[in-house]
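The following exercises are meant to be worked with the sequence and the coordinates side by side. Try each task before reading its solution.

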Amino acid sequence: MSRIWAGIDGGKGHHHGLALDADGKTLLSRRVANDEPELLKLIGDVLDLAGGRQVTWAIDMSGGEPALLLALLLSHGQEVLYLPGRLVNRASDGYRGEGKTDARDAYVIADQARMRRDLRPIRPGDEAAVELKLLTGRRSDLVEDRTRVVNRLRGTLLSMFPALERAVDVTNTGPLRLLTGYQTPAAIRRTGTARLTKWLANRKVRNARTLAEAAVEAAERQHTAIPGEKTIAKLVHTLAEEVMALNEQIREIDKLIEGRFREHELADIVLSVPGIGATLGAEFLAAVGGSLDDFSSPDALAAFAGVAPAPRDSGKVSGNLHRPIVYHRRLQRVFYTSALVSIQFDPNSRKFYDRKRAEGKKHVQAVLALARRRVNVIWALIRDRRSYEVAPPLTAVA
């Protein structure tokens, strides 16, 4: 049975929709506002064009700006495929014309959906998984912001007081609190170890004496004031406060993530896997949509997570494997990070890792192999609805 292929190039205020028939002929091309009545009219017009034929929709974003359109399509029982933006960019080079327009991108999306058979469908997902996706996405943004500000703080402090930048770790609360009160070598020398220790202790800084001694020692190593020192000191103060504020926001959202994650029916099973805490567990559930129903096997989940190598054979060369290009970055991080942590605490994981190292694999290769094995483990645990055990229970002899 023939069908209609509809491609959507998502945007902020407007989307561009384009429909193709089975031969690749354009049936409809329209720019629509990101507004419910306009979107419903587009859906209705495409269905009318189909005339009873099946319609397959494809879009280059799985959330965000086209969230309303996706909700409308899914509520109307439409099949929606996800075509990552980077695939659209690569595929565009194979089409005639050099210009870039929304209509052209929508055509590429629809045509690629018509020809490809490896695109994943977008499904509604449960409410908890949607919330966890939003919360973990927000946490990721905050962490990126913090990394940016920390790097700027380090560079600014280094330009004025390199000895202190070397002596303290500005990712920790104590040094950040110190920099909100004292930034220059002269100010720290004038204060002295005893008074600085008391100042830090009053602000509940751990190991206040050790930090104060390190700061005063650094100040004794620099008696030259840098041009623009007062302005640089103000910038250091502001940046330190920004990092502390971001730390507090991350702590608050971590509490929200953990609370929502623990309400999920699979939370206890996921948490039982060594190396997976509330944050990684929430990212796992957000990535898979709250269940493994969309994956036919552990191999399919491993391929989606990017921990299953893809072959690159040519001619007489065989067995040449490489990291896949298309995979879920955050889900790969979940499996890789949890595997890395589990080596330290789980004897089964450590034994597997040591065996791979003995086979000649490098550290990263061994961790990736363990990550791939963990896909099988978590798949079996969720399938059987049971928790992870360090050692299998003894089977009673009949």
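**Exercise 1: the surroundings of strand S4**

S4 and strand S5 (residues 79–82) pair in the parallel sense over four bridges, in what is a predicted model. Determine which residue of S5 is the bridge partner of Trp-57, how many bridges join strand S1 to S4, and whether S4 is largely enclosed or not.

*Solution.* Begin with the S5 side, where Val-80 is the bridge partner of Trp-57. Next, turn to strand S1 (residues 3–9), which runs parallel to S4 and is joined to it by six bridges; one of the partnerships is that of Arg-3 with Gln-54 in S4. Then follow the chain from S4 through helix H2 (residues 67–75) to S5, which together make a right-handed β-α-β unit. Finally, consider accessibility: five of the six residues of S4 (residues 54–59) are buried, and S4 is therefore largely enclosed by the rest of the structure.

**Exercise 2: classifying aromatic pairs**

Classify the ring pair Phe-284 and Phe-335 as stacked, tilted or edge-to-face, and then do the same for Phe-295 and Phe-304.

*Solution.* A pair of aromatic rings is described by the distance of the centres and the angle of the planes. The count of aromatic pairs comes to four. For Phe-284 and Phe-335, the centres are 6.1 Å apart and the planes stand at 80°, which is over the 60 degrees required, so the pair is edge-to-face. This pair links distant parts of the chain, since Phe-284 belongs to helix H12 (residues 278–288) and Phe-335 to helix H14 (residues 329–345), 51 residues apart. Both Phe-284 and Phe-335 are buried. For Phe-295 and Phe-304, the centres are 5.3 Å apart and the planes are at 50°, so the pair is tilted; both of these residues are likewise buried. The ring of Phe-304 has a further neighbour, as Arg-120 lies over its face at 4.5 Å from the ring centre.

**Exercise 3: the setting of Arg-372**

Decide whether Arg-372 counts as buried or exposed, and identify which residues it touches beyond four places away in sequence.

*Solution.* First, locate Arg-372 in helix H16 (residues 363–384). Its relative accessibility is 19%, which falls under the 20% cut-off, so Arg-372 counts as buried. Setting aside residues up to four places away in sequence, Arg-372 touches Pro-298, Asp-299, Ala-302, Val-307 and Ala-308. As a last step, compare sequence with space: Arg-372 and Tyr-336 are 36 residues apart along the chain, whereas their C-alpha atoms are 8.6 Å apart.

Methods: Residues numbered from 1 in each chain as written. Predicted model: local features only at pLDDT ≥ 70, side-chain atom pairs only at ≥ 80, totals over all residues. Heavy atoms only, no water. Buried < 20%, exposed > 50% of the residue type's maximum accessible area, 1.4 Å probe, protein only. Helix = DSSP H or I, 4+ residues; strand = E, 2+ residues; numbered from the N terminus. Pairing = 2+ DSSP bridges. Right-handed = clockwise from strand over helix to strand, strands pointing away. Contact = heavy atoms within 4.5 Å. Phe/Tyr/Trp six-rings, centres within 6.5 Å; stacked < 30°, edge-to-face > 60°. Lys NZ or Arg CZ within 6 Å of the ring centre and 35° of its normal.
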